[in-house]
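Q: I would like a close look at one part of this structure, followed by the parts that connect with it. Please keep to a single connected account.

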Amino acid sequence: MIKRTLAVLLFALICVKGYSQTKFTPEWNFGANFGVNLSNMSFVTTDPSQGLDTKMLQQYKGGVSARYISEKNLGFIAELNYSQQGYEQKFPVENPDSSRFTQKLAYIQIPFLTHIYFGDKKRVFVNLGPQISFLVGEQKTRDLSTSDYDESKAWEHYNQKVQNKFDYGLVFGLGFELRTGAGNFALEGRYYMGFSDIYSSHKTDPFSRSANRVISIAATYYMKPF
């Protein structure tokens with residue numbers, strides 16, 4: 001009796017799974033994205049007495065996206081983006097208008113993301129995965145005084161170009177998607193944590209940490225090519 005019951009349950013499970021598989025049709029989506037970056041840099045100085053404070057810099061990002069929904073609630077995304085990043089240095093509060101320093105970095109980004117969604121026409125989704133980036137541009141804007149080069153402060157980054165042009169890290173995104181007959185519209189917020197450093201980080205170097213941190217908000221338009 002038990003064996004017969006188990007056999008019936010197993011047969012029912014196979015039938016349900018087969019039915020669900022036949023009901024779902026995998027789909028490809030291709031699209032374009034554009035949004036705003038709020039970027040910063042995580043600096044840790046080798047000499048603890050030399051602090052370096054930074055604040056967010058607002059810039060932009062944009063690119064193209066390819067998405068494959070392989071099964072219900074699960075898919076994969078690959079993108080090719082141009083991303084403006086960097087930071088602005090914070091100077092002492094007692095004299096905040098005396099000095100200015102901004103470092104802007106331009107990257108080509110390639111994220112590979114696992115896409116998990118819930119819902120049908122209106123979807124909430126999570127994107128998570130690694131990202132690699134290649135530096136394609138660097139710009140520094142400075143208005144500094146002699147005191148900014150004091151030995152008690154970190155100042156090597158004022159003149160040092162980026163030493164590591166390859167960047168890698170982890171992306172986490174949360175968003176909402178509306179699927180219509182005219183295409184799919186997604187709005188997503190992402191956080192990128194860079195694991196590599198833009199400057200050399202040996203014990204004899206001024207920084208033991210110099211990693212990208214980016215918050216982005218972007219809209220993506222997807223359409224089905226076939």
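By class, how many residues in the lining of the largest pocket are nonpolar, how many polar and how many charged?

A: The model is predicted. In it, the lining of the largest pocket is made of seven charged, five polar and five nonpolar residues. That is a lining of 17 residues, around a pocket with a volume of about 270 Å³. Nearest the centre of this pocket lie Glu27, Asp120, Lys121, Arg123 and Arg179. Four elements give two or more residues each to the lining: strand 5 (100-119), strand 7 (166-180), strand 8 (183-194) and strand 9 (207-223).

Strand 5 leads from the pocket to its partner strands. On one side, strand 5 pairs with strand 4 (residues 74-90) in the antiparallel sense, over 13 bridges. Within that pairing, Phe112 of strand 5 stands opposite Ala78. Strand 5 also runs antiparallel to strand 6 (residues 122-143), and 18 bridges join the two. Here Tyr107 faces Leu135 of strand 6 as its opposite residue. The connection between strand 5 and strand 6 is a hairpin through two residues.

Ala78 leads on to strand 3. Ala66, found in strand 3 (residues 57-71), touches Ala78 as well as Phe76 and Ile77. Contacts of Ala66 further back in the sequence include Asn29 and Phe30. The C-alpha atoms of Ala66 and Gly31 are 6.5 Å apart, although 35 residues separate the two in sequence.

Strand 5 has a part in the nonpolar interior too. The largest nonpolar core has 15 residues, and Met41, Phe43, Leu105, Ile198 and Phe207 have the most contacts inside it. At least two residues of this core come from strand 1 (27-45), and at least two from strand 5. The share of strand 5, three residues, is the largest. As for Phe43, its contacts beyond four places in sequence are Leu52, Thr54, Tyr87, Tyr199, Phe207, Arg209 and Ser210. Another core, of 10 residues, lies apart from the largest one, and among its members are Ile69, Leu113, Ala186 and Tyr192.

As background, side chains in a regular strand alternate between the two faces of the sheet.

To return to the pocket: strand 5 is one of the elements that give two or more residues to its lining, and strand 5 also provides the largest share of the largest nonpolar core.

Definitions and conventions
Residues numbered from 1 in each chain as written. Predicted model: local features only at pLDDT ≥ 70, side-chain atom pairs only at ≥ 80, totals over all residues. Heavy atoms only, no water. Contact = heavy atoms within 4.5 Å. 1 Å grid on protein atoms, 1.4 Å probe; cavity = no way out; pocket = protein on both sides within 12 Å on 5 of 7 lines; lining within 4 Å. Points joined across faces, edges and corners; volume = space filled by probe spheres on them. Nonpolar A, V, L, I, M, F, W, Y, C, P; charged D, E, K, R; others polar. Pairing = 2+ DSSP bridges. Core = buried A, V, L, I, M, F, W, Y, C linked by side-chain atoms within 4.5 Å. Buried < 20%, exposed > 50% of the residue type's maximum accessible area, 1.4 Å probe, protein only.
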